[in-house]
Every structure is written in structure tokens, then in C-alpha cells.
Amino acid sequence: MEHRGQRSRVGCWWVVVMVLFLGRRIWAQLRYSVPEEVQVGTAVGNIAKDLGLDVRTLAERRFRIVSGPNNALLQLNQNNGALYVKKQIDREELCEGAKVCLINLKIVVENPLEIHYVAVEITDVNDHPSSFPEDKQRLEIAEHIPPGTRFQIHSARDPDVGANSVQFYKLSSVDLFDIEVRDNEEDKIPFLVLKKPLDREQKTEHNLVLTALDGGSPPKSGSLNLSIIVIDANDNRPVFSQDVYSVTLEENAPIGTLVVGLNATDLDEGSNSEIEYSLGKTQKKKVHDRFELDSITGEIRVKGLIDFEDTEIYRLDVQASDKGQPPWTSEGRVVIKIKDVNDNEPDMEVTSLRNVVPENSKPGTVISLISITDRDSGVNGKVICRILGDVPFDLTPSIEENMYSLVTKAFLDRESVNNYDIKITANDCGQPSLSTMILLNVQVSDMNDNRPTFSHDPYELYLIENNTPGATILSVSAGDSDLEENAAVTYHIVRGDGQPGDITSLLNIHSENGQISALKSFDFETLKSFQFQVVATDGGSPPLSSNVTVKVFILDQNDNAPVILYPVSSNGSAEGVEEIPRNMKAGDLVTKVRAYDADIGYNGWLLFSLQQVTDHSLFTLDRYTGQIRTLRSLTETDEAEHGLLILVKDNGNVSLSATATVTVKLVEPKEAFAASDVKRAAAKVDEEDDNVTFYLILTLGSVSLLFVISIIVLIAMQCSKSTEYTSKYLQDANYDGTLCHSIQYRSGDKRYMLVGPRMSIGSTIVPGSHANTLVLPDRRHTSSGEVRSTFSLNNDCLQQIICALL
């Protein structure tokens with residue numbers, strides 16, 4: 001695409017656009033042209049318009065120049081996308097002697113990333129006149145020199161290039177002399193050509209003016225005053241062995257290294273054949289700084305530093321002059337080609353687009369742009385770039401040679417690695433190879449990609465009943481591997497539907513520290529266990545959460561006093577009257593005190609004792625069953641009425657008790673009443689014996705089944721744990737090597753034994769429960785090291801075993 005126009009001193013400029021789409025990154029190449037010496041602020045071109053960018057988003061997308069050795073001469077306007085001249089440009093200073101002068105810029109636009117390469121060609125204007133190295137040149141020409149002889153004179157120099165450089169020469173007088181121009185690769189060399197023979201006797205000196213003109217419009221010129229002295233001299237000029245000497249010299253050659261030896265001969269004799277060598281007067285200062293010529297031997301040696309990157313080829317004009325009067329001079333040329341050696345390390349320039357990369361960045365995300373240059377040429381300038389170490393980053397080449405993009409090649413995880421030190425090396429292909437290494441640090445920023453994790457799952461809480469309402473009963477804790485707000489965890493309880501039986505309405509949790517409190521006191525006799533769920537949520541966006549189940553087991557306290565079931569009077573007091581015949585014998589059953597305790601285990605295990613009795617020799621009380629029996633046979637002398645005060649207490653740490661009063665009246669026996677009474681008592685005893693036997697069998701069967709299930713569960717738990725874990729906790733437990741224990745009690749002349757799983761101190765037999773259970777809490781959640789077990793029997797069965805009449 002071309003644009004042409006006129007703006008003040010700016011000539012025509014043109015734009016070439018090439019756009020390449022590669023993945024999600026866009027590269028474009030633009031080329032503009034602007035004359036040198038234009039005014040500061042002159043527009044070079046509108047880059048945003050030529051690239052089709054929205055001008056309104058340029059500032060937001062950080063539209064800017066990121067690299068270029070001469071980018072200080074130009075500037076971008078983010079308001080309109082135009083490229084302007086920032087400083088006055090002198091082409092001759094910027095690109096001395098170059099045919100094409102380019103300023104290469106790299107333009108970057110972000111979100112999405114676009115890389116554009118802009119080349120601005122600085123065109124030459126005719127701002128320098130032609131000039132000669134000297135204002136005057138003196139030539140001595142023998143009078144017998146034949147017409148057609150050429151004499152080299154000073155060449156004019158013009159820093160401008162192309163048509164604006166020296167184009168032709170003009171001589172002030174062409175009667176005796178003419179100008180012949182020889183073109184070489186760098187300039188035009190004038191020669192003064194003799195048209196007619198000279199006559200020294202007629203005129204000994206000729207003064208001419210040589211004018212050099214360039215091709216500008218209007219042309220600029222410079223002049224040289226030629227003074228030609230006509231003398232008598234020898235008639236043979238020196239002749240070089242070669243018209244052009246061509247040699248190759250390695251760069252960095254030591255000072256004093258022989259480059260080439262010149263050889264010229266002269267057919268004359270004596271002083272007319274003695275030759276002196278010299279460099280041409282029009283040589284650049286650079287040649288004189290790098291080389292020296294021995295005027296006697298003709299050897300050219302290295303004088304200064306030879307750098308291929310500075311100059312690849314030198315062209316030396318040499319002269320051989322004899323010592324005749326006048327002397328003859330011959331011209332020759334030496335072409336010295338510099339051979340490159342690998343003496344420059346690669347240079348890496350890094351443009352960092354971002355130093356912090358989110359951990360959820362997709363593979364292929366661009367981190368930095370890396371530009372590599374090597375001043376050497378050929379193989380020595382070929383560079384291989386790579387990343388050292390195993391890091392999730394890669395280098396992708398750009399469309400422009402030695403341009404790379406540092407991109408991610410895999411997903412990053414800040415919780416695994418939060419920053420990377422990326423070592424990038426650039427090795428050239430020279431022998432030996434030279435290299436450069438840079439270190440880039442890339443930080444990985446946190447994203448909310450980790451859920452909170454509870455320290456236990458599930459939580460098990462053993463809570464003693466009658467807890468204080470509002471007090472903390474448990475603290476849950478969850479950690480989050482993320483940072484800052486992504487790791488800020490809050491807690492809440494999963495609530496139910498708000499029905500009366502919803503236990504979560506009785507609980508509260510602190511949203512920040514996870515402390516759970518109960519709003520009411522729990523009663524083991526009404527609620528033995530429950531569970532609920534706690535949710536931990538982090539502060540990320542969007543937030544992540546996880547939940548845990550909290551299992552609560554209510555432990556019994558001795559908070560219920562025994563309740564007397566019999567005797568009970570009409571007014572509700574524990575008082576009763578028993579009438580017995582006087583003919584009762586020793587060991588006969590008088591009555592039985594029945595009592596119940598809502599607690600379980602030792603807290604519900606009742607013991608009976610006589611506190612007061614009228615006659616200690618007459619009645620006895622069974623400690624476990626509450627049966628009152630006679631110690632001896634009744635006599636006629638025994639009092640007719642006896643009072644017994646019976647104390648019923650449980651086995652809690654702080655024992656609770658109740659009392660019952662039984663009044664025993666002795667009455668005279670009647671035969672019919674006695675026979676009926678004895679028969680009814682015998683039938684009752686038989687019935688009770690049958691019931692005890694039935695319940696005992698049922699109990700032993702249940703206990704045996706529970707024992708087998710417990711053994712299986714224990715074996716499974718041991719198999720699922722490591723040896724270290726098992727040994728750790730089993731060594732702390734106070735086991736005596738058995739898995740069973742027995743509870744013995746005596747009723748009259750019968751002895752009963754209840755067999756079940758072994759229980760430690762604190763184990764409880766629970767009357768009133770609806771299932772036979774063995775609870776072994778996790779030792780990891782107890783500080784005392786005590787293994788607490790709870791063994792519950794069927795309510796009716798247990799009451800019959802402990803309290804029933806045997």
C-alpha cells in the first residue's frame with residue numbers, strides 16, 4: 001500500500017504493510033519514508049490507521065515503541081496513532097556512506113498482544129556541497145610528456161548519496177588539458193589528461209580550476225585550484241607488478257602484521273629509477289589509522305585495530321614515484337578483504353511484558369520478548385537460544401530472525417512453585433562458540449483454585465450432658481493453600497428446614513474462628529447422639545467451599561436420683577404396709593422394693609440397704625435385688641408391727657439416693673388363707689424363675705452376638721491402620737489381656753453372672769436403651785488416653801436381670 005503527499009519540507013513518503021497472524025499474536029511490518037533534515041514534529045505516517053487499530057484504545061492497550069537503537073529520533077502519539085519526528089535527523093551522521101538508511105522500530109500493542117515492525121527509510125536531500133581535501137594541488141609535468149598521458153588529481157567528496165553525490169567534474173580551460181573520470185565503488189576519481197604537448201619555453205606554469213558538481217537541484221559544487229609546473233624530467237614512469245593487489249586479512253590481526261608487499265619497477269637509471277611508495281592523498285582517515293605503508297620497501301602493515309564489524313573491506317590507492325626531475329608517478333590499488341572471526345558474544349535484549357503471571361494462565365501466554373543480535377557474520381553470527389533447566393516455559397521464534405517470545409508451555413501452580421528463575425542462554429555457531437546468559441524472574445500470582453480443607457473428617461465430639469448453654473463445645477478448623485483473601489475461610493452450619501426436631505437450630509458457629517456453641521443444655525436421657533454439617537468457604541471470587549460432618553455423642557452424667565416404684569402410697573410417697581402371717585419361716589420373701597434410675601451404667605446401678613429396722617434379727621434386705629426376707633422363723637413373742645427404712649442409691653461418683661418406708665405387720669395365720677397364699681406365692685416364684693431364665697438366655701445370646709460383631713469390627717479397624725498407628729494407641733490402653741468380663745449378683749440361694757465385652761473403669765450398663773451397642777471412640781480425640789466404652793442392653797431385659805424377682 002502506498003501513500004503520497006506533501007507536507008512542508010517533506011517529500012513523498014510511502015508505506016508498505018505486511019500482516020501475519022500467528023496463533024493469538026499478530027505481527028505486522030510497515031515501511032515509511034521521510035527525508036532527512038525535516039522539522040521536528042513532522043508526521044511520518046499514521047501507524048494506527050495503517051494497521052486498522054482503534055485510536056480510542058491506544059492508551060489503554062499501551063501502544064508504544066519497545067526497542068530500536070535510534071528510536072529516540074521518533075515518537076508515537078497515543079492520541080492519534082501517528083509517528084512523528086522527535087529530533088532533527090541527519091542522514092549522513094546516522095548512516096554514513098550507506099546506500100539505504102533505515103530506522104527499525106518495534107511497536108507493541110497489548111490486550112491482545114500485537115507486535116509490529118516499522119522501518120523508516122531516511123531519504124537523502126542535497127544538503128552538502130562537494131569538497132576537495134585541499135584547496136590547491138600542484139602537478140609537475142615534463143615537457144616531453146606525450147599527449148594522452150593521465151595525471152590523477154584529488155577526488156571531491158560529498159557526504160550525500162545517489163544523485164546528490166558528486167556526478168561530474170568541469171575544467172576551467174580545455175585547450176591543453178581535459179578531465180577524465182574513473183568510477184569506482186565509492187566515488188568518482190578525476191584524471192587530468194594532456195591533450196597537447198607542453199612547451200616549457202613558452203609557458204612554465206598553467207593554472208586551472210577544477211569544479212566538482214553534484215546531481216542535486218539546484219546542484220552544489222566545490223572547486224580545486226590546479227597549478228601545473230612544466231619541467232624537464234625522466235621519461236619512464238614506475239610500473240606496478242599488478243594493477244590491483246587483492247588480499248585477505250583476518251580481523252583482530254596483531255599490530256605490525258604484514259598485509260601485502262608492493263612492487264614497482266622503473267626502466268630509468270640512477271635516481272630516476274629509485275622508487276618511493278605512498279598512499280593516495282584522497283584516502284580516508286580510517287585507512288591511515290588502520291594501515292601504514294613503508295615508503296622504501298612498499299610493505300603495508302597493520303597499524304591499528306582491524307574490526308570486521310566496523311569495515312568489511314578496505315580499498316587503498318597507492319602511488320609509486322621515482323626520484324627523477326621531474327618525478328614520474330604511477331597509481332595502483334590495494335583491496336584488503338577482512339575475514340570475520342568469532343569475537344563477539346551474542347547480545348540479548350529483553351522486553352518484559354509482565355513479571356507476574358497468574359497461575360491459571362493458559363499455555364502459550366507471552367511473558368517477554370527477547371531480541372538477540374550478534375555482530376559477527378556468517379556462521380559466527382548464527383545464534384541458538386534455549387532455556388536451561390526444567391521449567392514450564394518455552395521460547396518460540398518470531399517471523400523476524402533472532403527474535404523469540406518467552407511463553408508458558410504448561411499450566412502453573414503457585415502452591416507448588418511461586419516464582420521461577422529462568423536462565424536463557426544464547427550460543428553462536430562459531431568455533432569456539434561464544435555465549436551469553438540472562439536470568440529472568442517470573443512471579444506466579446495466586447488464583448482461587450484450592451478448596452478449604454478441614455483438619456479432621458469427620459469430627460467426633462463426646463459431650464457430657466448438662467453442658468452450659470452458650471459455651472463452646474467444639475472448634476473446627478479448615479486451611480486453604482491459597483493466599484490473602486483466597487485463603488480467608490469463613491464457617492457456617494448447614495441448617496435444616498426449621499422444623500421442631502431440627503437440631504441445628506440449637507447450635508451456633510463463629511464465622512471466623514469456627515468455634516461451635518450450643519444454645520441449650522443436652523440431656524442424655526432424651527438425646528444420645530446427633531450429627532450436622534459445617535461448611536468452610538474461602539474469600540475468593542468465585543468462592544470455593546467444602547463441608548465436614550460433625551458427629552456428637554452425648555455422655556451420661558449422674559443427674560437422676562433413683563425413683564421408688566414399689567412401695568408407693570396413694571399420696572405418692574414411698575411408703576407401704578405389708579401383712580405377713582406369723583408362721584413364716586426363715587428365708588421366706590416378705591416383699592420386694594422396686595426402684596428405677598434413668599441414668600445408665602454405674603450411674604444407674606442401684607444398691608439397697610437397711611437404714612433403720614425395728615428388729616435386726618428378724619429381717620434382711622438383698623443388696624442388689626431389694627428383696628426383704630426373714631432371717632428366722634416368726635414367734636408369738638415378736639412384735640406385731642415392724643418399721644423398715646430402706647435406702648436406694650446409685651453408683652455414680654456423686655451418689656444420688658432415695659428412701660422407702662415399709663411397715664410389716666404380723667397377723668395370725670388362717671389355714672385357708674395360708675394355703676391359698678402359699679400356693680399363690682409358689683406359683684409366683686415359679687413364674688419369676690421362668691422369666692429370669694428366659695431373659696437370661698436372651699441376654700446371653702445378645703451379648704454373644706455383640707461380642708462377635710465387636711471382634712470383627714476391631715479386626716477390621718486394626719487391618720485398616722498402619723502397624724505404627726496400632727502400636728501407638730494399643731500400648732497406651734490399660735487392657736488386662738481379656739475381651740470379656742462378668743457382673744455377678746446373688747438372689748437368695750441362686751447366683752447369676754452377666755457375661756459381656758470387657759469394659760474399663762467408667763464403662764456403663766445402660767438401662768432404658770433400645771439397642772445393644774458397644775462404642776469405642778477414637779483415641780486420637782481424647783487427651784486422657786482412656787478408652788471409654790458403653791455397653792447397652794434392652795431396657796426391659798436389664799431391668800429384669802438387675803431388678804426383677806428371682
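**View 1. Where the predictor is sure of itself, and where it isn't.** This is a predicted model, and its confidence bottoms out in strand S54 (residues 790-794), with a mean pLDDT of 35. At the other end of the scale sits strand S22 (residues 299-302), where confidence is highest in the chain, at 94. Averaged over the chain, pLDDT comes to 79, and 81% of the residues score at least 70.

**View 2. The two low-confidence stretches.** Over residues 1-26, pLDDT stays under 50; the model still has 65 contacts beyond four places in sequence for this stretch. Residues 722-806 also stay under 50, and for them the model has 173 contacts beyond four places in sequence. Don't lean on those contacts, because predicted coordinates should not be read in detail where pLDDT is low.

**View 3. Strands S37, S40 and S41, side by side.** Take S40 (residues 529-537) as the reference strand here. Strand S37 (residues 490-493) runs antiparallel to S40, and 4 bridges join the two. Strand S41 (residues 545-555) also pairs with S40 in the antiparallel sense, over 9 bridges. For a handy landmark, zoom in on Ala536: in S40, this residue is the bridge partner of Tyr491, and its own bridge partner in S41 is Ser546.

**View 4. Asn486, tucked into a loop.** Asn486 belongs to the loop between strand S36 (478-479) and S37. Is this loop residue buried or exposed? Asn486 counts as buried because its relative accessibility is 9%, below the 20% cut-off. Leaving out residues up to four places away in sequence, Asn486 touches Asp446, Met447 and Asn448, plus Asp480. Also on its contact list are Asp538, Gly539, Gly540 and Ser541.

**View 5. Thr663 on strand S50.** Thr663 is part of strand S50, which covers residues 657-667. With a relative accessible area of 18%, Thr663 is buried, given that the cut-off is under 20%. Which residues does Thr663 contact, once neighbours within four places in sequence are set aside? They are Gly576, Val577 and Glu578, together with Glu641 and His642.

**View 6. A nonpolar patch that includes Leu705.** Leu705, Ile709, Val713 and Met717 make a nonpolar surface patch of about 340 Å². Leu705 is found in helix H4, which spans residues 671-720. Leu705 counts as exposed because its relative accessible area is 53%, with the cut-off at over 50%.

Technical notes: Residues are numbered from 1 along each chain as its sequence is written. This is a predicted model: local features need pLDDT of at least 70, side-chain atom pairs count only at pLDDT 80 or more; totals for chains, interfaces and linings use all residues. Side-chain values use heavy atoms; hydrogens and water are left out. Buried means under 20% relative accessible area, exposed over 50%, partly exposed in between (1.4 Å probe, protein chains only). Contact means heavy atoms within 4.5 Å. pLDDT is the predictor's confidence in each residue, from 0 to 100. Patches are made of residues with over 30% relative accessible area and no salt bridge: like charges are joined within 9 Å, nonpolar side chains (Val, Leu, Ile, Met, Phe, Trp, Tyr) within 5 Å. Accessible areas come from the Shrake-Rupley method with a 1.4 Å probe; for residues, only the protein chains shown count as cover. A salt bridge is a side-chain nitrogen of Lys or Arg within 4 Å of a carboxyl oxygen of Asp or Glu. Two strands pair if DSSP finds at least two bridges between them.
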